[in-house]
Amino acid sequence: MKQDRPWTIGKCLAWTAEYFTGKRLENPRLEAEILLGKVLGKSRVQLYINLEQPLQPLELARYREKIKQRVMGTPAAYLIGEKEFMSLPFEVNRQVLIPRPDTEVLVETALEYLGHTQVGPREQRENRALVSGDQAPLIVDVGTGSGNIAIVLARYLPQARILGLDISDRALEIARRNARRHGVEEQVTFYEGDLLAPLENTPYKGQVDLLTANLPYIPSNELPHLMREVLQEPLSALDGGRDGLQYYRRMIPQSLEYLKPGGALIIEIGFDQRKAALKLFNDQWENVQVKLDYGGRERVIYARATGGTNNDFV
Ligand SMILES: C[S@@+](CC[C@H](N)C(=O)[O-])C[C@H]1O[C@@H](n2cnc3c(N)ncnc32)[C@H](O)[C@@H]1O
């Protein structure tokens, strides 16, 4: 990145897009814009209307550093400290998994279950809370990480009470900051511990309307083959044990203690785990269904604890 004429925003973006293309990054131009936008404190639109603006030496140095780290495998979300999920920005760092678009299907399934049909396609979503019905559901999100699932549900369902659980206290620090950022810190409470253990001595047994979980599900022996970007994420957010299902194998039976009769469990699984994961649901579950992600892969399982009277939403 050496040259006599000043580096303008336009020139920086064009140079970086080409450089990232050569390094086989998936979205070279977009990533260049995200990184430069962060360094300059500008939105992508602001970059475009200031293409002729030259960068100051300090800005150029900071931008160069980010490009270097990106091509060495650090995900852009960690470099800018943020990732969008369901159209809301979430703070992320190396203590938490970077929220994935596939997980939005889990949230959409949860919202449909709780009676929200207005979720709609991604491009039509508005960045505001939708009006909730009369319900004040109790929701528990296990393996909450950055808090993305719990916080989006809180934004859509202002009357819901939500508990976010995670084994990592450092992840929960980020989740609490995200809850404050989105104004739902009164509505979402975070607890540290193994799966549902933090709720053991609480009055929540048999009271939960909905349990959501995106627990680690990658089989241990597949970890070395993951993309280097993914390997920068916490191992404790990825490693699902021998067959990837070690957490769900414990959590699914445990869920029955906490769900109301007819309450729902919605979990995310690996695209090839449907058959093995479905075996974890015994006759204490009903209406077990599999939902597809945006890429058409089987990604989410929805199931109801037996004994409820409600009609299903599908
Ligand atoms: C795949 S990440 C999901 C993060 C977030 N819910 C999302 O969807 O982006 C899994 C999360 O489960 C947490 N976790 C791992 N083992 C756990 C356990 N035994 N009990 C509770 N949480 C656990 C990890 O710390 C991590 O935050």
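1. A residue counts here as near the ligand if its C-beta atom, placed from the backbone, lies within 6 Å of it. In this predicted model, 23 residues surround the ligand, and the closest of them are Gly143, Gly145, Ile167, Asn214 and Ala237.

2. Taken by class, the shell around the ligand is made up of 13 nonpolar, eight polar and two charged residues. Among the elements of secondary structure, helix 7 (148–156) and strand 4 (161–166) each contribute at least two residues to this shell.

3. The largest nonpolar core comprises 78 residues, and those with the most contacts inside it are Leu36, Ala110, Leu153, Ala154 and Leu211. Helix 7 provides the largest share of this core, namely seven residues, while domain 1 (9–72) and domain 2 (85–305) each give the core at least three residues. In soluble globular proteins, nonpolar side chains tend to be buried together.

4. As for Leu211, if residues up to four places away in sequence are not counted, Leu211 touches Val140, Val142, Ser255, Tyr258, Leu259 and Leu265.

5. In a regular strand the side chains alternate between the two faces of the sheet. Strand 1 (residues 82–85) shows such an alternation, with Lys83 and Phe85 buried and pointing to one face, whereas Glu82 and Glu84 point to the other and are not buried.

6. Strand 1 pairs with strand 2 (residues 88–91) in the antiparallel sense over four bridges, and Glu84 stands opposite Pro89 in strand 2. The hairpin that these strands form has two residues between the strands, and within this hairpin Met86 takes a positive phi near 50 degrees.

Note on methods:
Residues numbered from 1 in each chain as written. Predicted model: local features only at pLDDT ≥ 70, side-chain atom pairs only at ≥ 80, totals over all residues. Buried ≥ 20, exposed ≤ 12 C-beta atoms within 10 Å, placed from the backbone. Pairing = 2+ DSSP bridges. Nonpolar A, V, L, I, M, F, W, Y, C, P; charged D, E, K, R; others polar. Core = buried A, V, L, I, M, F, W, Y, C linked by C-beta atoms within 7 Å. Domains from an automatic or database assignment. Contact = placed C-beta atoms within 7 Å.
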